[in-house]
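Please read the sequence alongside the three-dimensional view shown below. The text afterwards goes from the overall make-up to single residues.

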Amino acid sequence: MTENLVRHRVADGTATITLDSPHNRNALSARLRHELRELLVADIADESVRVIVLDHTGPVFCSGMDLRESRGAGASEQGVNEFPELLELIWTSPTPVVARLAGPARAGGVGLVAAADIAVAADTATFAFSEVRLGVVPAVISVTVLPRLAASAAHELFLTGETFDAARAVHIGLINSAVRAEDLDAEVDRMTRMLAKGAPTALAATKAMLRRPRSPRLSEEFADMLALSARHFASEEGQEGMRAFAEKRPPSWAAPAERPEQAADPERGPDETR
């Protein structure tokens, strides 16, 4: 029986998808891509899943495309045509996605990191856009990477292929935080718990808002955002959130033991939002 290259578990509303192909540094082989896609599709469709964590076994998060499969292959054979679907699934997922890196990411692996909503890395992790040093172009991953990176950093790192550390990855906007290896799980847990406090529909709509292209006309942008705001204030979820706030109780989507942080803030009135 062939073992899976991607593992999966769900606990307390958090689905953890773990790349488990350490023998080839979690390279994006055809089999791993297929298994990863199937799990992403299932978790996105599962209403009980509030947060998806993209994790890994072994010392490397993901080394990019499996070059052994790519040698001598055309674009369709090496998976260039299907890899965008994986990135798009993560990028457009209505369920927030958190990437957890205990080790390096390279090329396509960095594309996965950039597609996630939040990325947390051990401070020993490293990154590189190594494509040009192999005679190829970081074209597909640029779709998710470039919106995150400062333009000057993108030019430098895409063109040189230089390896950079987690501290610089934070500085240029690629990841959200770099912590000591022993603190990595605690930081990922903190992020997932904060995300789970949000209302599912509001989170999905906020994520879509963050990803959407902006209108060049300010009046149109304000009109669109006013309509979006009004829909969610009037929604069942929005009304429940406001009732829960006023009644100093958890909203229906929160874990029973939780209490909204706002209720504990004596400086805030019952109708304030920040």
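What follows is a walk through the fold, the sheets, the helix packing, the salt bridges and two backbone details.

The model is predicted. The protein has 274 residues, and 44% of them are buried. Its secondary structure consists of 12 helices and 9 strands. Among contacts with a separation of 6 or more, 67% are made by residues 24 or more positions apart. The protein exposes about 14600 Å², and 56% of that area is supplied by carbon and sulfur atoms.

The strands can be taken sheet by sheet. One open sheet has 6 strands in the order 1-2-3-4-6-9, and its pairing is mixed. At its edges are strand 1 and strand 9 (177–179), each of which pairs on one side only. On average, neighbouring strands in this sheet are turned by 20 degrees against each other, direction ignored. Inside the order, strand 4 pairs with strand 6 (residues 118–122) in the parallel sense, over 4 bridges. One residue pair to look for here is V98 with its bridge partner I118 in strand 6. Helix 1 lies across strand 1, strand 2 and strand 3 (51–56), and runs at about 15 degrees to strand 1.

Another open sheet is made of 3 strands in the order 5-7-8, again listed with mixed pairing. Strand 5 (105–106) and strand 8 (164–165) are at its edges; each has a single partner strand, so one side of each is left without a neighbour in the sheet. Strand 5 and strand 7 (residues 126–128) run parallel and are joined by 2 bridges. In this pairing, R106 stands opposite A128 in strand 7.

At what angle do helix 11 and helix 12 pack? The angle between helix 11 (residues 218–234) and helix 12 (residues 236–246) is about 65 degrees, and their axes are 4 Å apart. The contact is formed by H232, F233 and A234 in helix 11 with E236, G238, Q239 and M242 in helix 12. Sorted by class, this contact has 3 nonpolar, 3 polar and 1 charged residues.

Charged side chains come next. Side chains of opposite charge can pair when their charged atoms come close. The structure holds 22 salt bridges. One of them joins D185 and R100, with an N to O distance of 2.8 Å. This pair links distant parts of the chain, since D185 is in helix 9 (residues 184–196) and R100 is in strand 4 (residues 97–101), 85 residues apart. Is R100 buried or exposed? R100 has a relative accessible area of 13%, and because the cut-off for buried is under 20%, R100 counts as buried.

A second salt bridge is formed by the side chains of R168 and E156, also given as 2.8 Å from N to O. Here R168 belongs to helix 8 (residues 166–171) and E156 to helix 7 (residues 151–160), so the pair ties together parts that are 12 residues apart in sequence. Both ends have some exposure: R168 is partly exposed at a relative accessible area of 27%, and E156 is partly exposed at 31%.

A third salt bridge stays within one helix. R193 and D189 have their closest N and O atoms 2.9 Å apart. Both residues lie in helix 9, 4 residues apart, about one turn of the helix. R193 is partly exposed, with a relative accessible area of 45%, and D189 is partly exposed at 38%. Beyond such pairs, R212, R214, E221 and D224 are linked in a network of salt bridges.

Two backbone details remain. Most residues other than glycine have a negative phi. D12 has a positive phi, near 55 degrees, and is not a glycine. D12 is found in the loop between strand 1 (6–11) and strand 2 (14–19). The relative accessible area of D12 is 83%, and D12 is therefore exposed, the cut-off being over 50%. R25, also not a glycine, has a positive phi of about 60 degrees. Its place is in the loop between strand 2 and helix 1 (30–45). R25 is partly exposed, with a relative accessible area of 44%.

Notes
Residues numbered from 1 in each chain as written. Predicted model: local features only at pLDDT ≥ 70, side-chain atom pairs only at ≥ 80, totals over all residues. Heavy atoms only, no water. Salt bridge = Lys/Arg side-chain N within 4 Å of Asp/Glu carboxyl O. Buried < 20%, exposed > 50% of the residue type's maximum accessible area, 1.4 Å probe, protein only. Contact = heavy atoms within 4.5 Å. Areas by Shrake-Rupley, 256 points an atom, 1.4 Å probe, with all protein chains shown as cover. Pairing = 2+ DSSP bridges. Axes fitted to C-alpha atoms, helices over the stretch in contact; angles between N-to-C directions. Nonpolar A, V, L, I, M, F, W, Y, C, P; charged D, E, K, R; others polar.
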